[in-house]
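Reader: I'm new to this one. Could you walk me through how to read it, feature by feature?

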Amino acid sequence: MTSTALSTPVHEMTLSEMSDQQIRSIVGELIKANSDLKELNTRLSDAQNKLIQSEKLASIGQLAAGVAHEINNPIGFIFSNFGTLEQYLDDLFQMLDAYEEAEAHIGNGDALARIRTLKAELDIEYLKDDIPNLMRESRDGIQRVRKIVQDLKDFSRVDARQEWESVDLHAGIDSTLNIVNNEIKYKAEVVKNYGPLPEVQCLPSEMNQVFMNLLVNAAHAITSERGTITITTGVEGPQVWVEIADTGSGISPENMQRIFDPFFTTKPVGKGTGLGLSLSYGIVQKHGGRMEVSSEIGVGTRFRVTIPIEHEPAPQAAA
């Protein structure tokens, strides 16, 4: 008995009209397609994680010179003060030597005159006043260095695991501002309009990355002699929001549709990777939030980040 070709395409046949072999073939193809899809999804997830790390390293690399500059300033006057302090101490040691020499000749008028002359030449009274000032300035410099380093740690969370934490977003913004200070201070004044915020469950290092990208972009957008960056925060029901607005050049309408596209940038070659806003958008989405932007040419740009106060874990996929 010869076999005949099917008159009806497989995709138009009902399950009852198919043979076991056809059903097994279709199921096998579906299983393979599902497996391929899972593999592709895994590869995309890995690629996204690598992009996030790459962007973070690139951003920190761009800011390294600025951070070094910020650290170098207080260190510079610490060294200067200690150099002056060493000279003062040398003078004081000379005075002490003179006093020790005079102990055996307390009744000697010449020795007393020498001590008085030396005391006047070295201006001991001034040294007694200035040495405490030098020590206070040095202590302030050391504290500034510690603050910069601590803010860098808080920004990158290098000593913490990637876990959802309840954090103060204002503290994260302030730490990030201190890290990007060298990018901003020569171009803009920062105005903080902080509203009362509850602690927010988030991935702190990733949210700090979002704030950093928006702040640096705001500074780069200011092409006039000096502008303003305004940071405003507030609560909206079960969500909190952070707005970062600048008085920069604005974004053209044709670019507004592309600003979140990976690798799209209007910055000169070498000034940006085109990943900052794209990755920031993805981070905000991961937090169950949204990122909105409004802009006007010649007036400025405003980004608004809104995220839930309480993090809701994604439901686990069924086996």
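Author: Sure. Let's begin with an idea we'll need right away: a salt bridge is a side-chain nitrogen of Lys or Arg within 4 Å of a carboxyl oxygen of Asp or Glu. Keep in mind that this is a predicted model. Here Glu-236, Glu-243, Arg-290, Glu-292, Arg-302 and Arg-304 are linked in a network of such bridges.

Reader: How many salt bridges does the structure hold?

Author: Eight. One of them, from the network, joins Glu-236 to Arg-290, with their closest N and O atoms 3.5 Å apart. Glu-236 sits in strand S4 (residues 227-236) and Arg-290 in strand S6 (residues 290-296), so this pair ties together parts that are 54 residues apart in sequence.

Reader: Are those two buried, exposed or partly exposed?

Author: The cut-offs help here: buried means under 20% relative accessible area, exposed means over 50%, and partly exposed is in between. Glu-236 comes out at 36%, so it is partly exposed. Arg-290, at 34%, is partly exposed too.

Reader: Which residue does Lys-286 meet in a salt bridge?

Author: That would be Glu-206, at 3.0 Å from N to O. This pair links distant parts of the chain, 80 residues apart: Lys-286 belongs to helix H8 (residues 276-286) and Glu-206 to helix H6 (residues 204-221). Try the cut-offs again on both ends. Lys-286 has a relative accessible area of 41%, so it is partly exposed, while Glu-206 has 9%, so it is buried.

Reader: And what does Asp-174 pair with?

Author: Its side chain meets that of Lys-192 in a salt bridge of 2.9 Å, N to O. Asp-174 is in helix H4 (residues 169-179) and Lys-192 in strand S2 (residues 188-193), so the bridge ties together parts 18 residues apart in sequence. Asp-174 is partly exposed at 30%, and Lys-192 is partly exposed at 43%.

Reader: What about the rest of H4: how many of its residues are buried?

Author: Eight of its eleven, so H4 is largely enclosed by the rest of the structure. Among the buried ones are Leu-169, Ile-173, Leu-177 and Ile-179. Look at the start of H4 as well: a side-chain oxygen of Asp-168 reaches to within 3.0 Å of the backbone nitrogen of His-170.

Reader: How should I think about the nonpolar residues?

Author: As a general idea, in soluble globular proteins nonpolar side chains tend to be buried together. In this model, the largest nonpolar core has 34 residues, and those touching the most other members are Leu-169, Ile-184, Leu-215, Ile-229, Ile-244, Val-305 and Ile-307.

Reader: Which element gives the largest share of this core?

Author: H6, with nine residues. Others that each supply at least two include H4, S4, H8 and strand S7 (300-308). For a close look, pick Ile-307: leaving out residues up to four places away in sequence, its contacts include Leu-169, Val-200, Met-207 and Val-284. Apart from this core lies another, of twelve residues, among them Leu-85, Ala-102, Ile-115 and Leu-134.

Reader: Which residues make the nonpolar surface patch?

Author: Leu-89, Phe-93, Leu-96 and Tyr-99, and the patch covers about 370 Å². Tyr-99 is part of helix H1 (residues 20-103). With a relative accessible area of 39%, Tyr-99 is partly exposed.

Notes. Residues numbered from 1 in each chain as written. Predicted model: local features only at pLDDT ≥ 70, side-chain atom pairs only at ≥ 80, totals over all residues. Heavy atoms only, no water. Patch = residues over 30% accessible without salt bridge, like charges linked within 9 Å, V, L, I, M, F, W, Y side chains within 5 Å. Areas by Shrake-Rupley, 256 points an atom, 1.4 Å probe, with all protein chains shown as cover. Helix = DSSP H or I, 4+ residues; strand = E, 2+ residues; numbered from the N terminus. Buried < 20%, exposed > 50% of the residue type's maximum accessible area, 1.4 Å probe, protein only. Core = buried A, V, L, I, M, F, W, Y, C linked by side-chain atoms within 4.5 Å. Contact = heavy atoms within 4.5 Å. Polar contact = N/O pair within 3.5 Å; in protein donor to acceptor, adjacent residues only side chain to side chain.
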